[in-house]
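Here is a short report on one protein model. It starts at the surface and then turns to the helices.

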Amino acid sequence: MDRNALLEKIQSYGFAAYDMLLYLDTHPKDKKAFEMFKQLVEKTNKLRNEYEKDFGPLTPFAAAKFNNFTWTDSPWPWEKEANS
C-alpha cells in the first residue's frame, strides 16, 4: 500500500477509535459500542504495525523497536512532501 494512503487509513481508524472512546465516556455499559471500539483499536494497531514494518517508526515510542532513532527522518504530515 502507498505510504500516504496507509497514513490516511491510520488517521481515519485512529480518529474513529477516539470518537468511540468519547462516546463510551458517557455510555460505558454499551457493549456493542465497546466491541466496535476494540475492533477499531485492533485495526489501528494493525495498520501502524504494517506502516512501521514498511516505512519505519511512526512515533518516538515506536522507535524503541528499532535500533535507531530515525522516526523524524520522514516528512511530517504538514510538510508538502508528505502530501503529494
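## Surface patch

Tyr18, Leu21 and Leu22 form a nonpolar surface patch with about 280 Å² of accessible area together. Patch residues have over 30% relative accessible area and no salt bridge (a side-chain nitrogen of Lys or Arg within 4 Å of a carboxyl oxygen of Asp or Glu); nonpolar side chains (Val, Leu, Ile, Met, Phe, Trp, Tyr) are joined within 5 Å, like charges within 9 Å. Areas come from the Shrake-Rupley method with a 1.4 Å probe; for residues, only the protein chains shown count as cover.

Leu22 lies in helix 1. Leu22 counts as partly exposed because its relative accessibility is 40% (buried is under 20%, exposed over 50%, partly exposed in between; 1.4 Å probe, protein chains only).

## Basis

The model is predicted: local features need pLDDT of at least 70, side-chain atom pairs count only at pLDDT 80 or more, and totals for chains, interfaces and linings use all residues. Residues are numbered from 1 along each chain as its sequence is written, and side-chain values use heavy atoms, without hydrogens and water.

## Overall

The protein has two helices and zero strands (DSSP runs numbered from the N terminus: H or I, at least four residues, for helices; E, at least two, for strands). Of its 84 residues, 23% are buried.

## Helix 2

Helix 2 covers residues 31–55, and its end C-alpha atoms are 36 Å apart, in agreement with the expected 36 Å. Its buried residues are Ala33, Phe37, Leu40, Thr44, Leu47, Tyr51 and Glu52. They pack against helix 1 (3–26). Just after helix 2, Gly56 takes a positive phi of about 100 degrees.

Terms used:
The expected span of a helix is 1.5 Å times one less than its number of residues. Contact means heavy atoms within 4.5 Å.
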